[in-house]
Amino acid sequence: MDDQEQQKNSRVIKVDSAESWNFYVSQAKSQACPIVAHFTASWCIPSVFMNSFFEDLASSYKDALFLIVDVDEVKEVARRLEVKAMPTFMFLKDGNTMDKLVGANPDEIKKRVDDFVQSSHLVHIA
């Protein structure tokens, strides 16, 4: 499968500008949808390694929005959210950062995504 075809089938949305970041955050906020964002860089091997894992997570959690942000392409967002190391995973609800995890630890990321999505869903139902 070529790269373009794979992107069409992906549940992970690539953020390519501050404007698109703001759009997705605004959309998620209006739909009470939690966001899991992966801040990455093409030169960071652990970040690149986490991409397929992040894709798998996105497939498992349909109630959350999964965004990927290259810090070199979208510097303004990375700077505003104080992303200083890659990979960084941020968990946002209603446009606010609820949790942040730095490093390529698949087990911990899966646990945090699971807890975050479940707690977001429970709050949404209540």
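Let's start inside: Trp21 is buried, and Phe39 is buried too. The model you're looking at is predicted, so take everything below as computed from that model. Phe91 and Phe116 make another pair of rings, with centres 5.4 Å apart and planes at 70°, so this one counts as edge-to-face. Phe91 sits in strand β4 and Phe116 in helix α5, so the contact links distant parts of the chain, 25 residues apart. Both Phe91 and Phe116 are buried.

How many aromatic pairs are there? The count comes to five. Back to Trp21 and Phe39: their rings form a tilted pair, 5.8 Å from centre to centre with 55° between the planes. Trp21 belongs to helix α2 and Phe39 to strand β2, so the pair ties together parts that are 18 residues apart in sequence. Elsewhere, Phe54, Phe66 and Phe89 come together as one aromatic cluster.

Now step back to the overall layout. The protein has five helices and five strands, and from the N terminus on they run α-β-α-β-α-β-α-β-β-α. Of its 126 residues, 40% count as buried. Take the contacts between residues at least 6 apart in sequence: 66% of them join residues at least 24 apart. On the outside, the protein exposes about 7,300 Å², and carbon and sulfur atoms supply 51% of that.

Helix α3 is worth a look on its own. It covers residues 45-60, 16 residues in total, and reaches 24 Å from its first C-alpha to its last, close to the 22 Å expected at 1.5 Å a residue. Follow α3 along and you'll find a kink of about 35°, centred on Asn51. Which residues of α3 are buried? Among them are Ser47, Met50, Leu57 and Ala58. Phe54 is another buried residue of α3, and Phe54 is also a member of the aromatic cluster with Phe66 and Phe89.

On to the charged side chains. Side chains of opposite charge can pair when their charged atoms come close. A search of the whole structure turns up four salt bridges. One of them joins Glu73 and Lys14, at 2.8 Å from N to O. Glu73 lies in the loop between β3 (65-70) and α4 (75-80), while Lys14 is in strand β1 (residues 12-15), so this pair ties together parts that are 59 residues apart in sequence. Is either end hidden or out in the open, and where do they fall? Glu73 has 46% relative accessibility and counts as partly exposed, and Lys14, at 39%, is also partly exposed.Helix α5 (residues 106-125) has salt bridges along its own length. Glu108 pairs with Arg112, their closest N and O atoms being 2.8 Å apart. These two both lie in α5, four residues apart, about one turn of the helix. Glu108 is partly exposed at 25% relative accessibility, and Arg112 is partly exposed at 22%. Lys111 and Asp115 also form a salt bridge, with 3.2 Å between the closest N and O atoms. Lys111 and Asp115 are likewise in α5 and four residues apart, about one turn of the helix. Their relative accessible areas are 47% for Lys111, which is partly exposed, and 40% for Asp115, which is partly exposed as well. Salt bridges with shared partners also join Asp99, Glu108 and Arg112 into one network.

Finally, a few backbone details. Most residues other than glycine have a negative phi, and most peptide bonds are trans. Where does this model have a cis peptide bond? It joins Met86 and Pro87, with omega at about -10°. Pro87 lies in the loop between α4 and β4 (88-93).

Positive phi values turn up in loops here too. Ala32 isn't a glycine, yet its phi is positive, about 50°. You'll find Ala32 in the loop between α2 (18-30) and β2 (35-40), where it is partly exposed with a relative accessible area of 25%. Asp94 is not a glycine either and has a positive phi of about 55°. Asp94 is in the loop between β4 and β5 (96-102), and its relative accessible area of 37% makes it partly exposed.

Conventions. Residues numbered from 1 in each chain as written. Predicted model: local features only at pLDDT ≥ 70, side-chain atom pairs only at ≥ 80, totals over all residues. Heavy atoms only, no water. Salt bridge = Lys/Arg side-chain N within 4 Å of Asp/Glu carboxyl O. Buried < 20%, exposed > 50% of the residue type's maximum accessible area, 1.4 Å probe, protein only. Expected span 1.5 Å × (residues − 1). Bend = angle between axes of the 7 residues up to and from the residue. Contact = heavy atoms within 4.5 Å. Areas by Shrake-Rupley, 256 points an atom, 1.4 Å probe, with all protein chains shown as cover. Phe/Tyr/Trp six-rings, centres within 6.5 Å; stacked < 30°, edge-to-face > 60°.
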